[in-house]
Structure formats: C-alpha cells, structure tokens
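Reader: I should like a close look at a single part of this model, namely the place where two domains of one chain meet. Please set that part in the context of its chain and of the partner chain.

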Amino acid sequence: MFISLVAVIVLGAIAWMGGATPGLQYLFGIVLPMIAVVVFLAGFIWRIMDWAKSPVPFSIPTTGGQQRSLDWIKPARLDSPYTKTGTVGRMLLEVLLFRSLFRNTKAELRNGPRLVYWSSKWLWLFALLFHYCFLVVFIRHFRFFLDPVPVAIGMMETVDGIMQIGVPRLFMSGVILFGALLFLLMRRLCDQKLRYISLPNDYFPLLLLIGLVGSGLCLRYIGKADIATIKEMTMGIATLSPHIPALPISPLFYVHLGFLSTLLIVFPFSKLMHMGGIFLSPTRNLPNNTRAVHHTNPWNPPKTYRTYAEYENDFRDLMDEAGLPLEITPEQAAAKE
Amino acid sequence: MSKLPKASELAKSISYAFPKVSWMDTKPAFAPGTWCYPAKKDTMEGLGMPNPHNWNPAEEDWNLPENWEEIIYNALKDRLEKYRSLKVFLDICVRCGACADKCHFFLGTGDPKNMPVLRVELLRSVYRRDFTTVGKLLGKVVGARKLDKDVIKEWFYYFYQCTECRRCSLFCPYGIDTAEITMIVRELLHELGLGIHWIMDPVSNCNRTGNHLGIQPHAFREIVEFLCEDIETITGIQIKPPFNEKGHEVLFITPSGDVFADPGIYTFMGYLMLFHEIGLDYTLSTYASEGGNFGSFTSAYMMKKLNAKMYAEAERLGSKWILGGECGHMWRVVHQYMETMNGPTPACMETPKSPITGTVFHNAAATKMVHITEFTADLIKHNKITLDPSRNADKIVTFHDSCNPARGMGLLEEPRYCIQAACENFVEMPENTIREQTFCCGGGSGLNTEEIMELRMRGGLPRGNALRFVQEKHGVNTMACICAIDRATLPPLADYWAPGVSVTGTHELIANALVMKGEIKRTLDLRQEDLPGVEEDE
C-alpha cells in the first residue's frame, strides 16, 4: 500500500511540475498521452493475441446449474448453457452484471462449531457501480474530442446531472465512481483476508484511479478549469494537429492527464487486463455440451495404453480358470510358442 | 499416523486470524497428518514417470534431480503454450477475495495459503518472475519471487491440499479454476519425480489389472459372485452378470470401489438388481473394470492412458454404448475429457438409447456414455420399474452433491429424482452447501488416504456441519451420494462431525425399494438388516 501510494504521489508531482514548466508542457500534455494511447492499444492487442496463441485443449465449463439431459428436467440455460446462444447469454450476464460475484457469500465460524454463510453482495454492488460509472465518465469525456458534441452525450449529461445540484451541475457518475473506489480501497485495507493477499500492484491501480478521478472532480468543481482552453488542446490531439493553447491551463490538468497516461501504459501489463481476459476464460465461455459435441485438442498425444491383448497375456491362465471368455485360449497361446 | 483430535477440540483450533509476516516469508511445517506418503520409486519406474527416486516429505532434502530448476521452467513453459486456461488464470486475477472463504480446506484449517487465491499465487509468483517482464524488472514489489526448493515444498504441501472441487471457480468473477492450476502444478511436481503413494499406486494398478484396487480378473469375478449370493439371500433371485462377453448392447463401467469396499458394494448390488429386473442386455468387463481415473490426478497424459481402455473395450466387445456407475471424478473425465482425448468413438457405438423406454440420450451423442442416474431417472419417469419407498421408511435421507457431477457436469436433478422416488423422507441440506455450491467430502482428487485423516476432517468441516444441521433439525440419518470416493470418505466424516448418520449410494436406495418379479417377501435391506415394519409383522 505504502509503496503504491508513494508511487502515485510522485507521479502526480512530476506531472504537476511538467504542467507548470512551460518547456515541458508539450511533452506532458501531448507527447506522453499520445504515447500512452499507442502503448495501450498495442499492448492490449498483443496480450489478447498472446493468450489466443495457446489453445483450449479441453472444454471445461464450470457448471452453475442443471445440465440438459432428459426432456422433462428443466436445464439452467444460462448458468449451465448447452447451446451457443446460452453461452453468449452466460457471458453477457458475467460481463454486464457480474453474475458470479452476485453469488458471493461470507462464511463465519461460530461456536458449536457452526458454519454460517451470509449473502454478501457489497463487493458485487460496488464493483458494478465502479465499472458502470467509469464507463459513463469515459463516454462523457468524448465531449472533449468531438465537435460538435453528439446529442447522445448531451442527453447522458442531462440524466447524469438530473439532481441539479450546484454550478457546474453535479454529475452523479463522478461522485459515485469516487465513492466506489474509496469503498474498494477501504475493503482491501480493512478486511484482514484481503490485506493479506493484496500486493502493491493491487493498490497501485486503485490509488491511481482515485488520483485520476479525484483530480478530475477538482478540475470540474473546485479548480473550475477553463474548459474551452482544455478542449482546444484535446481537439488538437483528436484532429492530429496537436498544440499547447496560448492561454494557461492549470497544472492540475496535467496531473489528471499524467494519471490517465500512466493508467493507459500500465493497463496491458497489469491485472487490469481482466477486462480482456474474462472473454477468454474457458470455464465460462464454453457450452456444457461436452458429451454431445466433439471438442478438439490440437496437441492431443497419440494413444498409448495397456491393450486388452497385453492384459490377457498377463492373466490368461487365471482368467481361463475363472471361466472368463478369452480371445486366445491357453492352448492356442502354448501352441504359438 | 498422527492422532486425530476430538471434533470439538479441532473446531476450537481453527482461527481465521492471519500471521503478521507476508505469505512469501512463511513456510509450511510438514507436521504428521498434513501430508501424504510419497509414491514408491518402483511404482513410478513401472509407469515410466520421470525422475523416479526415493524421498520423504518430512526430510529436509527431497533428492531432487540436479537440473530441477530447468525442468520446472521448461515444464511450465510447455504448459503455458498448451493451456490457454493457465495463461489467462495466471494473468487476470485481481485478488478481489471472493474465493477466499469458499474453500473447504481454508474453512477447516484457517491456513491463509488454503485460500484459493493464495494457493494459485504460489505458482503465479514464480510465473511472474520467469515469464513476465514486469515481474523480472520489479520482483517482489509486483508479487514475483524466485523459484527455490522451499517453493517446491510449498507446492507439494498446498496442491495436495486442494481436492480440485472447483467451488472457488464458481464464485470467481472470471471463472479462475484452481482445479486446473492444481492439475498442472501436480504435473510439474511429477516431472521432478514427486508424487503421492495413494494416487500412484492405484494408477499403477489400474494400468496393469484394470482397476485401482488391483483386483485381478478371476478375483473380480469371485467378488461379484459373492455379492450375487447376498442378493439371492435378500431377494431369492439368482443373478449371473456377464463378464467380458461380446455382443451385448451395453458395457457397464463403475468405480472398482463399488465392487470392493463397504458401503459401495451395496450400490453395486443395486446396479445388478436393477439390470436384472429390467432385463438389460449388458456386460461387465474385468479389463475396463475401473470407472474412476486417478490418472486425472496425475497428468493429462496419464488420464488419457487409463481412460483409453473404455473405448478400446467397447470396441472389442462390440458394445453400442457405455453405461457409467455412480462416481464423481470419473464423470468429470467422461463428461469433459473423454471424447476429446480418446474419441472419436469406435464404429460399433451408437448414440445411447434406452432399450427399455426408447429414450435417446442426445446429450451423450458424441461420448456415447450415460450416467446411471440419468438412465434410472428415465426408467422411473416412464414407470418401467416398481418402487416401494416404504422399505426405506426408516431413513430420513439427505443428498450430498459430489463436486465433479455438480460443477463439472450439472447433474443435479437426476439423482434427486431417483432418491425421492425410492424414499419417503428426503431433506435438503442448507442451500449454500448443495447443488452447484456443494462442499467437498474433504478427500477428493486422490486425497482420501488415512495418513491425512485430520486434514480430511478439517476439509470435511463444511460438509459435516451442514449434515449435522439437518441431523439436528430434521433427524436426518442417511446421506446419499453418487460417488465412490464419497462412499469411502463420508462415513468417517459423518462419524466425526455428525455421528449417527450413515452413508449410502443412490442405487442402494433404489434397490432396497425395487420390487422385483419373482422375489421372496423382502425382510432384509441390502445390508441384511431388517426392513422397517418387519418386526411388527411377525
């Protein structure tokens, strides 16, 4: 936790200095983000390709419900899908609604002994809030890269700011996103089991995101950064004619940008790749029809096993005495020799 | 063997408070009762396993081959290239902790490294350092560590404290399956000549004699005939099951534990009685007399080698399809691996069709192997057999879902339907402990050995606790299952955590209730104990 915190603070400080030093603004405001985008895209594709290079030798879905067998037994079409459609449905549930996490329970050992299992959906709830709010915030940011701003984004902002609190209007997504991140961090720190398994590379993305979202919230609500100037700069990047605007931009914006760039660069090489990996998980993305449909293992080794002939050779006399049918009788075997 | 503490003492010793030091700095203490006896050198040599040698987990030096680091590196590299599952599972875990308290071994030991996430982290840390740039550069900061002999010991300790039950995989938001990792790490350990006796001995037996217990063909027949004598005593009906005979429609394969071990034998008697009653055209085989597959706890190669006999025998005997008995991991292998490994099926085989009801098992169109509870449920549904549940009236029954049929197959309703047709009283255990959320018996994946009895009882705590709950609340006195390992592991578990509950196979219950044509008035159940109501009659 401590190492990650220091790392994030140092990164933020460097970005601040870069943003505050006129000679470095081009580097921090334009070069670095563009490199980050390239690294992210190339890295993401490379990782997926690398996974896809290894085959799936066996079809090993984890079945979460009744198989399809006899006509009169109702199968679990989504938790134990038999068809491709069902499997797509299972994946959609998994990716869009975090189906497996929704099952989560918490076990408690009481005197007796008695094990009690509680439904525990907090992680599911906050994980879902985090991911969806992040998506909304991500989409809202397209207003900085598109001119004119698409109607859809405007509508989204209207809904997002429906509470009509303050000026500029408070977007719920940003606040919930920040809250969800804090929950996920506190959970990691307070739950003994989680603290024990957490690595610096678990804290780092969380703190980085907190920095990213925190700086974003500050820019909008506290620093009230000059949106027009920022858009001039982002549009420059979007239209591939990047330049630093003449009017000054708060160094805090460079911090925001610095965190984002770091996130993009780190993404393909970190656990954040679960975003792509989930689609390739063979316990989820395969149908439970393995007895009905052939699945090929590209490296299936040749069959080597002890044959019946070898077995009979070994036990022929005993088998004969016991009256078991034989391919070659002891007499025939003796005659051969 | 270490002494087993009392249940109450063992329960008190469980603490979920974690040590202050990082998991990378703790080492397992190889205390008696926590590790399995090593495989014998002869056994390993006989099977052609790599680097067979004498060693003892309790000793400091495990006599690893000189280039052991290179062996592991190459083996891991090979598996990464062969299994997308391995790569993806090592890369995408976010350590959210959803799996942490889902593992029966964690719940029963409180050992943090028994949390599925940390169990996999034991391998992941080495993978990070040897196979990722970030890990190479940043080392411990990103959870990477150097492979050393202590890591090998840790792997042996903890990957033989995983029963490949896949409960964690159900709860993982990305479906990360520790069973998959355990299977692969055990393969890595086998490359160094490290295996356990309780797995490798059955593998060797199965390879040579056709079954894990090493029963030779003539003895196999004798044992089955003994069981038939018992059936005659109970029902007055003489059954002569065919062995190794060609030209029968069905080849029946069940775990050899059913033939040999109490209470599995009663289940086996149940199969024979059912087949006799419906006039099934079947044969048993002494060559393919093992449904279970301890090879699947060894390596993909060994799993394939042992399993190959099933289709080979079906081809030799000209069977149309295979009917499979009650077994857990056997059905994981049959359902998810068999056709891929050893298919396509021999030309003589057809999509299974019940000769009694005409039901076609389209769900087994490729593998051509049907689970006995699918088969029997279909018989019951079509009223093809007469069951008298009052013969099981003394039993208040609950059902233990085996891990593999539950989470590697989805066989949940079929056995329940059979049991409920054969019994008057059926009660479910709490919902977080059954069906796809079922808990392991504590001895799956080849860990059903005596020397780790304490560990098994710890791993069996969640199951034992759920059983105890329904015992106290509903008076449950019988736990049914569909797994031969369960039939071996659940009796000691029940004696320990819920004394007074007996364990039975599903087809034992069926056969008790089965009204057979030409039978004498039944007064005894399959265990030759009085049927309920018998004394009052006389």
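Author: The account below begins with the domain contact and then widens to the two chains.

The model is predicted. The domain assignment divides chain B into domain 1 (7-195), domain 2 (209-381) and domain 3 (389-533). The part in question lies between domain 2 and domain 3 of chain B, whose centres, taken over C-alpha atoms, are 21 Å apart. To their contact, domain 2 of chain B contributes 36 residues and domain 3 of chain B contributes 41 residues.

On the side of domain 2 of chain B that touches domain 3 of chain B, at least two residues each come from helix H12 (217-235), helix H13 (257-260), helix H14 (264-278), helix H16 (329-342) and helix H17 (372-381) of chain B. H14(B) gives the most to this side, with 9 residues. By residue class, the side of domain 2 of chain B that touches domain 3 of chain B consists of 17 nonpolar, 14 polar and 5 charged residues.

One residue deserves particular attention here, B:Met269. Leaving aside residues up to four places away in sequence, B:Met269 touches B:Leu227, B:Asp230, B:Ile231, B:Ala511 and B:Leu526. B:Met269 is also among the residues with the most contacts inside the largest nonpolar core, which has 221 residues. The others named for that core are A:Leu181, B:Ile419, B:Leu467 and B:Ala494.

Chain B also contains an open sheet of 4 strands, in the order S6-S5-S7-S8, with parallel pairing. Its edges are strand S6 (425-426) and strand S8 (502-505) of chain B, each of which pairs on one side only. Within the sheet, strand S5 (residues 396-399) and strand S7 (residues 478-481) of chain B run parallel and are joined by 3 bridges. B:Thr398 stands opposite B:Met479 in S7(B).

As a whole, chain B has 24 helices and 8 strands. Its radius of gyration is 23 Å, which agrees with the value near 24 Å for a compact globule of 538 residues. Along the principal axes, the C-alpha atoms of chain B fill a box of roughly 75 × 55 × 40 Å. Of the 538 residues in chain B, 62% are buried. Among contacts in chain B with a separation of 6 or more, 77% are between residues 24 or more positions apart.

Chain A, the partner, has 14 helices and 2 strands. A compact globule of 337 residues would have a radius of gyration near 20 Å, but the value for chain A is 30 Å. The box filled by the C-alpha atoms of chain A, taken along the principal axes, is roughly 105 × 50 × 45 Å. Buried residues account for 35% of the 337 residues in chain A. In chain A, residues 24 or more positions apart make up 62% of the contacts with a separation of 6 or more.

The contact between the chains takes 83 residues from chain A and 94 residues from chain B. Several elements of chain A supply at least two residues each to this contact, including strand S1 (105-110), strand S2 (114-119), helix H9 (200-222) and helix H13 (308-321). H13(A) provides the largest share of the side of chain A that touches chain B, 6 residues. That side of chain A comprises 41 nonpolar, 29 polar and 13 charged residues.

Conventions:
Residues are numbered from 1 along each chain as its sequence is written. Chains are lettered from A and ligands numbered from 1 in the order in which they are written. This is a predicted model: local features need pLDDT of at least 70, side-chain atom pairs count only at pLDDT 80 or more; totals for chains, interfaces and linings use all residues. Two residues are in contact if their C-beta atoms, placed from the backbone, lie within 7 Å. Ala, Val, Leu, Ile, Met, Phe, Trp, Tyr, Cys and Pro count as nonpolar, Asp, Glu, Lys and Arg as charged, and the others, Gly among them, as polar. Domain bounds come from an automatic or database domain assignment. A nonpolar core is a set of buried Ala, Val, Leu, Ile, Met, Phe, Trp, Tyr and Cys residues joined through C-beta atoms within 7 Å. A residue is buried if 20 or more other C-beta atoms lie within 10 Å of its own, exposed if 12 or fewer, and partly exposed in between; C-beta atoms are placed from the backbone. Two strands pair if DSSP finds at least two bridges between them. The radius of gyration is taken over C-alpha atoms; the globule rule is 2.2 Å times the number of residues to the power 0.38.
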